[in-house]
Amino acid sequence: MDTRIEFLYLSEPDTIAAGVNNAEKCVDTCAEVFQLLARGDYLMGGPKHNSHGMGIIFPKETPFPNMPVAGPDRRFFAMPAYLGGRFDVCGNKWYGSNAANTAKGLPRSILTVNLNDKDTGAPLCFMSANLLSAARTGAVPAVAARHLARKDSETAAVIGCGPINKSCFRNIMTQMKKIRKVYCFDLFLEKAQAIAGWASRQYGIEGIATDNLEEAIRQSDVVSIAASRLKPLYIDSRWVKKGSTLLLTGPATGDGDFWLKNKIVYDHIGLHENYVSEAIESGDKENYYKGVIGGPIYHLIDEGKLPPLKDSTSIGMIINGDAQGRAGDDETYIFVACGMAVFDVAWGYDVYQEALKQGIGQKLVLWDEPAL
């Protein structure tokens, strides 16, 4: 019996060579994942198989000299998942995050993904995942744009001009072929100017940098929101253009009408149900809600102002034909996405398969035979 186990190591340049930045293919892969989520052919962590992941959050104080203490966005997180369908593989995204990294010339978060054989648990691939995670994060709202946004949409807004929203816009543009103008908003105008200039050069469209949030939202048919968690945006419902589609990859708050008079579509109902369960179990539901993108919506559900999650609509249900999507040009949609390991596993699997085909990466040996 052959007991030798080897796995493929993919560096960041290896993942680039294997197509990690192929936006159109990534959007298609993420659409497949939404279908599998809606059908139930997946598992994530936690007792209900719907957990975002498990994290290490550091204490504010510690008597141990080497133990890290709390800081802005400082944590470790593990996001395990099994994904069925053609993927049929287990995997995990692992990352450490610290806002202080940027002063050292490092990304805020440093990520890796590993894939494992579903039966033996043997490693298949270990890869750099900053680009992979950004790609799949950007592809998720692009899937929603494909199925929810008006096909004649000509104006977009990028709200929050960091690398994640740049990825979101790059992916959205694979679906919204008639976009001719983009408003770029950020608290730091120079960041908005950088994205506006990039969009103009990359797509031949008009890029407008602004520090006026109302202007950006009022003018736009498709709005991508991925702003800082440290200062969530407030959106007045009167700013929202009738028939537009707002894609929330980051947190936002708004008046009652913003949530109550527009159609809300979720990335995956089970994930949001799990967030609510965790909020209750935490003993401080109010504080927990503040930390998740869906928090403002959960409040309205608790108050009986919005339908319960079990009666709500996910994008996978729409793709599978189990729920109705856009029925008219005047309908305004809010899509809420919170991030799930199944997307990292899926896109990581496709990058891994392409690397195998092209002979990219380095094969490493775990053992020739187990010592025990």
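This section describes helix packing, salt bridges and selected loop residues in a predicted model.

The contact between helix 2 and helix 12 was examined first. Helix 2 spans residues 23-39 and helix 12 spans residues 341-358; the two pack at an angle of about 130°, and their axes lie 9 Å apart. Angles between 115 and 145 degrees fall outside the parallel, antiparallel and perpendicular classes, and helix 2 and helix 12 are therefore oblique to each other. The crossing of helix 2 past helix 12 is right-handed. On the side of helix 2, the contact is made by Lys25, Cys26, Thr29, Cys30, Val33, Phe34 and Leu37, which meet Val342, Phe343, Ala346, Trp347, Asp350 and Glu354 of helix 12. By residue class, this contact comprises nine nonpolar residues, one polar residue and three charged residues. The spacing of such contact residues may be read against the geometry of the helix: an α-helix has 3.6 residues a turn, so residues three or four places apart point the same way.

A second helix, helix 10, covers residues 295-302 and has Gly295, Ile297, Tyr298, Leu300 and Ile301 as buried residues. These buried residues pack against both helices and strands: the helical partners are helix 7 (256-260), helix 8 (269-282) and helix 9 (285-290), while the strand partners are strand 15 (263-266) and strand 17 (333-336). Just after helix 10, the backbone at Gly304 adopts a positive phi of about 75°.

Charge pairing was considered next. Side chains of opposite charge can pair when their charged atoms come close. Over the whole structure, 20 salt bridges were found. One of these salt bridges joins Lys181 to Glu206, with 4.0 Å between the closest N and O atoms. Lys181 belongs to strand 9 (residues 181-185) and Glu206 to strand 10 (residues 206-210), and the pair thereby links distant parts of the chain, 25 residues apart. Lys181 is partly exposed, with a relative accessibility of 26%, and Glu206 is also classed as partly exposed, at 42%.

A salt bridge is likewise formed by the side chains of Asp236 and Arg238, with an N to O distance of 2.7 Å. The two partners fall into separate accessibility classes: Asp236 is buried, with a relative accessible area of 11%, whereas Arg238 is exposed, at 63%.

Glu331 and Lys263 form a further salt bridge, in which the closest N and O atoms are 3.9 Å apart. Glu331 is located in the loop between helix 11 (315-319) and strand 17, and Lys263 is located in strand 15, so this pair ties together parts of the chain that are 68 residues apart in sequence. Glu331 counts as buried because its relative accessibility is 18%, under the 20% limit for that class. Lys263, by contrast, is partly exposed at 39% relative accessibility. In addition, Arg4, Glu6 and Asp368 are joined into one network by salt bridges that share partners.

Several loop residues were also characterised. Asp73 has a positive phi of about 55° although it is not a glycine. Asp73 occupies the loop between strand 3 (54-57) and strand 4 (75-83), where it is partly exposed, with a relative accessibility of 26%. Asp88 likewise has a positive phi, near 50°, and is a residue other than glycine. The loop holding Asp88 runs between strand 4 and strand 5 (89-97), and Asp88 is partly exposed at 30% relative accessibility.

Asn101 is situated in the loop between strand 5 and strand 6. Asn101 is buried, with a relative accessible area of 11%. When its neighbours within four places in sequence are set aside, Asn101 is in contact with Leu106, Pro107, Arg108 and Ile110.

Gly121 lies in the loop between strand 6 (109-116) and strand 7 (123-128). Gly121 is partly exposed, at 41% relative accessibility. Between the C-alpha atoms of Gly121 and Val89 the separation is 9.8 Å, the two residues being 32 residues apart along the chain.

Technical notes. Residues numbered from 1 in each chain as written. Predicted model: local features only at pLDDT ≥ 70, side-chain atom pairs only at ≥ 80, totals over all residues. Heavy atoms only, no water. Axes fitted to C-alpha atoms, helices over the stretch in contact; angles between N-to-C directions. Helix = DSSP H or I, 4+ residues; strand = E, 2+ residues; numbered from the N terminus. Parallel < 35°, antiparallel > 145°, perpendicular 65-115°, else oblique. Left-handed = near helix turned anticlockwise from the far one by under 90°. Contact = heavy atoms within 4.5 Å. Nonpolar A, V, L, I, M, F, W, Y, C, P; charged D, E, K, R; others polar. Buried < 20%, exposed > 50% of the residue type's maximum accessible area, 1.4 Å probe, protein only.
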